[in-house]
Amino acid sequence: MPDAAESTDHPPHTPRRQVDAVLFDFHGTLAQVEEPVSWVLAAAATCGAELDRGRATALADRLVMAGRAGGPLPHRVPPHLSEHWADRDLYEHSHRAAYTGLAETVDAGVEGLADALYDRLLGPQGWLPYPDTEPTLRTLHDAGIRVAVVSNIGFDIRPHFAAWGLDALVDAFVLSYEVGRCKPDPAIFLRACGMVGADPERSLMVGDSPADAGAVRAGCAALVLPAAEPGHTNGLDATLALTGC
């Protein structure tokens with residue numbers, strides 16, 4: 001009998017899957033919306049209203065519960081918003097109408113606040129990239145692995161990446177409202193692979209939801225990470241191990 005050190009009873013070796021491209025979700029994977037109270041204070045200031053922190057905190061809680069883009073899904077969508085809600089990730093006007101409409105269900109006492117809150121989303125100041133986003137994207141870029149951002153979203157996020165100095169690290173943006181498909185539809189992942197010139201079987205989708213895992217139906221591998229609060233790492237660097245970087 002061979003001793004333990006000489007035992008050949010090892011699990012079979014599984015070759016590493018070759019990865020030529022990584023597809024990343026945006027919200028909850030590469031970046032997070034700003035902290036809710038800061039969101040309310042900044043939006044109110046653009047409307048000429050200066051709120052004390054206690055009022056802003058109470059208001060933020062109510063607005064998040066009503067339904068904030070980048071926040072938890074609302075428990076109830078008013079009937080007059082149901083069509084816009086269903087189409088929010090396919091059309092810019094529906095995205096804005098859905099989220100401003102939800103904000104307007106909260107009596108904030110600040111004229112124009114719903115639009116100001118929504119407008120915070122449209123610029124980089126309303127978001128915070130995760131600390132491991134830049135080093136992960138840069139390592140992949142330097143290794144020659146193509147990168148696409150695949151997002152269910154109703155507005156353009158390219159200016160955000162440009163403002164953060166990350167645009168040169170992304171080869172393609174595949175946004176649902178531009179391509180007419182939403183995750184988990186395999187078509188959006190296949191479009192992303194086509195845009196970066198990669199075979200789905202040699203592509204990895206990284207996200208934070210079951211919708212992102214829908215990439216498996218397109219032939220891609222998938223890594224689902226837990227979303228983290230703004231400013232905290234979310235394990236994004238696990239991507240590097242899976243790509244051999």
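These exercises walk through a predicted model of one protein chain.

Residues are numbered from 1 along each chain as its sequence is written, and side-chain values use heavy atoms, with hydrogens and water left out. Local features need pLDDT of at least 70, side-chain atom pairs count only at pLDDT 80 or more, and totals for chains, interfaces and linings use all residues.

**Exercise 1. Describe the chain as a whole.**

Step 1. Start with the elements. The chain has 11 helices and 7 strands. Helices (H or I, at least four residues) and strands (E, at least two) are DSSP runs, numbered from the N terminus.

Step 2. Take the extent. Along its principal axes, the C-alpha trace spans about 80 × 40 × 35 Å.

Step 3. Check burial. Of the 245 residues, 46% count as buried. Buried means under 20% relative accessible area, exposed over 50%, and partly exposed in between (1.4 Å probe, protein chains only).

Step 4. Look at contacts, meaning heavy atoms within 4.5 Å. Among those between residues at least 6 apart in sequence, 67% join residues at least 24 apart.

**Exercise 2. Characterise helix H4 and place His95 in it.**

Step 1. Compare lengths. H4 has 13 residues and reaches 18 Å from its first C-alpha to its last, close to the 18 Å expected at 1.5 Å a residue. The expected span is 1.5 Å times one less than the number of residues.

Step 2. Find the buried residues. They are Ser94, His95, Ala98, Tyr99, Thr100, Gly101, Leu102 and Ala103. Their cover includes helix H2 (53–67), helix H3 (82–86) and helix H5 (113–121).

Step 3. Focus on His95, which lies in H4. His95 counts as buried because its relative accessible area is 4%. Leaving out residues up to four places away in sequence, His95 touches Ala69, Arg88, Asp89, Tyr118, Ile153, Gly154 and Phe155.

**Exercise 3. Examine the largest pocket.**

Step 1. Fix the terms. On a 1 Å grid over the protein atoms alone, a cavity is a set of points where a 1.4 Å probe fits but cannot get out. A pocket is an open set with protein on both sides within 12 Å along at least five of seven lines. Lining residues have an atom within 4 Å of a point. Grid points are joined across faces, edges and corners, and a volume is the space filled by probe spheres set on the points.

Step 2. Read the volume. The largest pocket holds about 530 Å³ of space. Of its 24 lining residues, the closest to its centre are His27, Gly70, Asp89, Tyr99 and Asn152. Helix H4 (92–104) and helix H10 (210–213) are the elements that give two or more residues to this lining.

Step 3. Sort the lining. It divides into 10 nonpolar, 7 polar and 7 charged residues. Here Ala, Val, Leu, Ile, Met, Phe, Trp, Tyr, Cys and Pro count as nonpolar, Asp, Glu, Lys and Arg as charged, and the others, Gly among them, as polar.

**Exercise 4. Examine the largest cavity.**

Step 1. Count. There is 1 cavity of 30 Å³ or more. The largest has a volume of about 90 Å³.

Step 2. Name the lining. Among its residues are Trp39, Leu63, Arg68, Tyr99, Ala103 and Tyr118. H2, H4 and H5 each give two or more residues. H5 gives the largest share, 4 residues.

Step 3. Sort this lining. It has 9 nonpolar, 2 polar and 1 charged.

**Exercise 5. Account for the cysteines.**

Step 1. Apply the rule: a disulfide is a pair of cysteine sulfur atoms within 2.5 Å. The count is 0 disulfides.

Step 2. Test Cys193. Its nearest cysteine sulfur, that of Cys220, is 3.9 Å away, and Cys193 is in no disulfide.

Step 3. Compare accessibility. Cys193 counts as buried because its relative accessibility is 1%. Cys47, at 28%, counts as partly exposed.
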